[in-house]
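User: Please go through the contact between the chains and the main pocket, setting each value against its definition.

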Amino acid sequence: VVDQIRLWQIENERMKATPGFLFRDFENQKEYEGCSRYADEIGVLIWKNDAKRMFFVTRHEQLRDYIKSRKVK
Amino acid sequence: MPRAIRGVLVECDPSIKSIIVKIDSEEHAYIVEELDDQTLVIKENMMSMLKARLEDALKETQQPADDSGSD
């Protein structure tokens with residue numbers, strides 16, 4: 001029982017919560033890759049999944065501008 | 001155009017995640033998106049509520065034994 005409690009405590013501490021924005025619904029792989037790479041370069045990317053074409057960033061303003069500028073091209 | 005959804009990225013053990021999913025299944029008030037077995041996105045304004053519910057759930061799971069001599 002004691003071991004079980006200790007396990008729960010460890011798991012509790014392992015929970016990490018980071019506020020930000022989930023980006024999803026990219027039109028294609030190229031758009032996803034470009035945006036996730038840019039997010040990584042500016043240091044806001046904290047999670048991504050290539051298969052799902054989703055990623056999570058801590059800030060979105062700069063990335064929003066980048067996505068808009070891509071669309072204009 | 002991709003969508004940006006505001007939320008809190010929660011990274012935890014699969015066992016904790018499954019408890020969060022179970023809490024959410026009652027009213028679907030917490031989870032924005034399940035990402036994988038250790039990661040999910042939670043509605044920002046529901047985070048404190050979820051933490052409280054999670055603590056309650058963990059208390060129920062573990063025995064109410066206080067073996068450490070703390071006070």
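The turns below take the interface and then the pocket.

Analyst: This is a predicted model, in which local features need pLDDT of at least 70 and side-chain atom pairs count only at pLDDT 80 or more, while totals for chains, interfaces and linings use all residues. Residues are numbered from 1 along each chain as its sequence is written, chains are lettered from A in the order in which they are written, and side-chain values use heavy atoms, with hydrogens and water left out.

User: Why is the pair A:Arg24 and B:Glu33 called a salt bridge?

Analyst: A salt bridge requires a side-chain nitrogen of Lys or Arg within 4 Å of a carboxyl oxygen of Asp or Glu. The closest N and O atoms of A:Arg24 and B:Glu33 are 2.3 Å apart, so the pair meets that definition. Between chain A and chain B the count is three salt bridges.

User: What makes up the side of chain A that touches chain B?

Analyst: At least two residues come from each of α1 (2-14), β1 (16-24), β2 (45-49), β3 (54-57) and α3 (61-72) of chain A, these helices (H or I, at least four residues) and strands (E, at least two) being DSSP runs numbered from the N terminus. The most is given by β1(A), with nine residues.

User: How many residues does each chain bring to the contact?

Analyst: With contact meaning heavy atoms within 4.5 Å, chain A brings 30 residues and chain B 31 residues.

User: Which residues line the largest pocket?

Analyst: Lining residues have an atom within 4 Å of a pocket point, and among them are B:Ser18, B:Lys22, B:Arg53 and B:Glu60. The most comes from α1(B), with five residues.

Key. 1 Å grid on protein atoms, 1.4 Å probe; cavity = no way out; pocket = protein on both sides within 12 Å on 5 of 7 lines; lining within 4 Å.
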